[in-house]
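This report describes the architecture of one protein chain. The sequence and the structure are shown first.

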Amino acid sequence: MNAPVSNSIAAMIPELTEWRRDFHRHPELGYDVPRTARLVAERLRGFGFDAVIEGVGKTGVLGLLHGADGPAAGAEKRVLFRADMDALPIHEATGAEYASSAQGRMHACGHDGHTTMLLGAARRLAETREFDGTLVFCFQPAEEGEAGAQAMIDDGMLERFPVKGAYAVHNWPGVPVGAFGVVRGPAMAATGKFHITVEGVGGHAAFPHLSRDPIVAAAAIVMAAQTIVSRVVDPLDPAVVSITAIHGGEAFNVIPNRVEMKCNIRCFSDAVGETIEKELRRICADTAAALGARVTVETGAGIPYPPTVNHHAETEIALEAMRAVAGPRNVRDDVRPVMGAEDFAFVLRQVPGAYIFVGNGDSAMLHNPQYDFSDAALPYGVAYWVELARRVLPA
Ligand SMILES: [Zn+2]
Ligand SMILES: [Zn+2]
C-alpha cells in the first residue's frame, strides 16, 4: 500500500501532471534547453522566489528561496536541491497522447518528471517557508553525458552559493510507485571513453607476409583487454571494460592499413579507473608492438564522469525524509550500486549529499523508447523534497 501524501500536495496533482506532460511533449537535448529553462525560471518567479538566475553553466537555472526568517547567513544554513532538464536522442514509441512532438527526441530518462517534482516542491515551500536558511534550487542542463553539473560548478554555482549539503532524485523503473531507495556509499559508476587506433601496413590479402595486419593486432587487443577485469582489478571491485566499436577494412582481398576501436570503462573509484586506464594503454602498446603494428589510445570527447558517492550523514537524513513520506516499509537502504553514470557526481565531489531513487512502478527501463515517467510518482517526489527541506534546515 502506498502511503497517502498530504492534502496540500495531493491538491497539486492535476497541475503537476499538466506540467510534466507539457515538458514531455517538448523534449530538448543537452545544453540546448531554452523552452524548459524559460518555463522553469518563469514558474519560480511566479511562486515568489527571492532570486532566479538564468544562464548558469550555459542554460542552467538557479532559484533562491529564503525561509521565514530571511536569508542564510552562511553555507551552514544553505542547501542545494537539484533536478535535470534534458531529454535523449531517441524516437518515442509510447503512443501516449502527450508523446514527444519532436522527431528523434524524447524524455526517456524521466527528467521531465524530475523537473516537475522539484518545481512542485518549489511552489509548496515558497508558500510555507517552513525552514531556516536558504534553499538553492538547481535545474541543470546536459545531464546525459555532457557534464552539465560541472558546467554550472565551473560557472561559479558553488562559490556564489556555498552549501552544506546537496541532494538529487532519480526515478527508478521496477521500484513501486510510492516507494523509495538509496545506495549507501558509491551509488553510480565512473565512466571513461577511449579511441584506440591500430596502424599496420596494408596490402594484398594474398601476400600477408608483405603487410602488417592491423586486424589481427586489433583482435589480439580486444581479447587481451578482457583480462583487465578478470586478472588485474581486485575481484571485490566491480569494473567493466567494453570494446564497443571496431572498424577496419572493406574488401575481401585487401588487408587494411588501420583499425579504429572504441572502449568504454566503468568502475566505482578513481583508483580502479586509473588502474584500468593504465593497463588498457599498456595492453594496447605491448600487443601492437608484439605484432609489428603501432597504436594510439586517445581519451574520448567530453569529461569522464567520476563515481557518484553518497555521503553517510546526508544519506541518513534523506532516509528519514523518505521514511516520513512513504512509511519505513516502503524505503530500502540496501539498493545495489548501478553501473550507469550520473553527473550529480560532480556536485558530490565538492559537497556532501545524497542521490536517491523514487519508484517509477512497472515501466519500461530508462533510455528505452517505451519508457515514460509515471505521473503517479509526482506527489511522492514533491513530498520528499518538502520533507527533506524541513529536516536539512530545521526552523
Ligand atoms: Zn539517462
Ligand atoms: Zn536520468
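The following sections take up the domains, the two sheets with their helices, and the packing between helices.

**Domains**

The model is predicted. The protein is divided into two parts: domain 1 comprises residues 7-188 together with 307-392, and domain 2 comprises residues 190-299. Taken over C-alpha atoms, the centres of domain 1 and domain 2 are separated by 39 Å. Five residues from domain 1 and six residues from domain 2 take part in the contact. On the side of domain 1 that touches domain 2, the residues divide into five nonpolar, no polar and no charged.

**The eight-stranded sheet**

Eight strands form an open sheet with mixed pairing, in the order β1-β2-β4-β3-β5-β16-β6-β15. The edges are occupied by β1 (51-56) and β15 (331-332); each has a single partner strand, so one side of each is left without a neighbour in the sheet. The strands β1 and β2 (residues 60-66) run antiparallel and are joined by five bridges. Val 52 stands opposite Gly 63 in β2.

Helix α3 (residues 34-46) packs on this sheet and touches β1, β2 and β4 (134-140). The direction of α3 makes about 170 degrees with that of β1. Helix α11 also packs on the sheet, touching β3 (78-84), β4, β5 (165-172), β6 (180-182) and β16 (353-359). The direction of α11 makes about 165 degrees with that of β5.

**The four-stranded sheet**

A further open sheet consists of four strands in the order β10-β12-β8-β13, and the pairing is antiparallel. Its edge strands are β10 (239-247) and β13 (294-299), each of which pairs on one side only. From one strand to the next, the twist averages 20 degrees. Within the sheet, β8 (residues 190-199) and β12 (residues 258-267) pair in the antiparallel sense over 10 bridges. Lys 262 in β12 is the bridge partner of His 195.

Two helices are described here in relation to this sheet. Helix α7 (residues 214-232) packs on the sheet and touches β8, β10 and β12, with its direction at about 165 degrees to that of β10. Helix α8 (residues 270-290) packs on the sheet and touches β8, β10, β12 and β13, with its direction at about 160 degrees to that of β13.

**Packing between helices**

Two packed helices are described by the angle between their axes and the distance between the axes. The table gives these values for three pairs.

| Helix pair | Axis distance | Angle |
|---|---|---|
| α2 (residues 13-25) and α4 (residues 111-128) | within 9 Å | roughly 145 degrees |
| α2 and α11 (residues 378-392) | 10 Å | about 105 degrees |
| α3 and α4 | within 10 Å | roughly 15 degrees |

The pair α2 and α4 forms a right-handed crossing. From α2, the contact is made by Leu 16, Trp 19, Arg 20, Phe 23 and His 24; from α4, it is made by Asp 112, Gly 113, Thr 115, Thr 116, Leu 119 and Gly 120. By class, this contact of α2 with α4 has four nonpolar, five polar and two charged residues.

How does α2 lie with respect to α11, and what angle is involved? The two helices pack at an angle of about 105 degrees, which makes α2 roughly perpendicular to α11. Their contact is made by Ile 13, Leu 16, Thr 17 and Arg 20 of α2 and by Leu 378, Pro 379 and Val 382 of α11. By class, the contact of α2 with α11 has five nonpolar, one polar and one charged residues. Leu 16 and Arg 20 of α2 are named in the contact with α4, and Leu 16 and Arg 20 are named in the contact with α11.

The axes of α3 and α4 cross at roughly 15 degrees, which makes α3 roughly parallel to α4. The crossing of α3 and α4 is right-handed. Thr 36, Val 40, Arg 43 and Leu 44 of α3 make the contact with Thr 115, Leu 119 and Ala 122 of α4. The residues of this contact of α3 with α4 divide into four nonpolar, two polar and one charged. Thr 115 and Leu 119 of α4 take part in the contact with α3 and also in that with α2.

Technical notes. Residues numbered from 1 in each chain as written. Chains lettered and ligands numbered in written order. Predicted model: local features only at pLDDT ≥ 70, side-chain atom pairs only at ≥ 80, totals over all residues. Pairing = 2+ DSSP bridges. Axes fitted to C-alpha atoms, helices over the stretch in contact; angles between N-to-C directions. Contact = placed C-beta atoms within 7 Å. Left-handed = near helix turned anticlockwise from the far one by under 90°. Nonpolar A, V, L, I, M, F, W, Y, C, P; charged D, E, K, R; others polar. Parallel < 35°, antiparallel > 145°, perpendicular 65-115°, else oblique. Domains from an automatic or database assignment.
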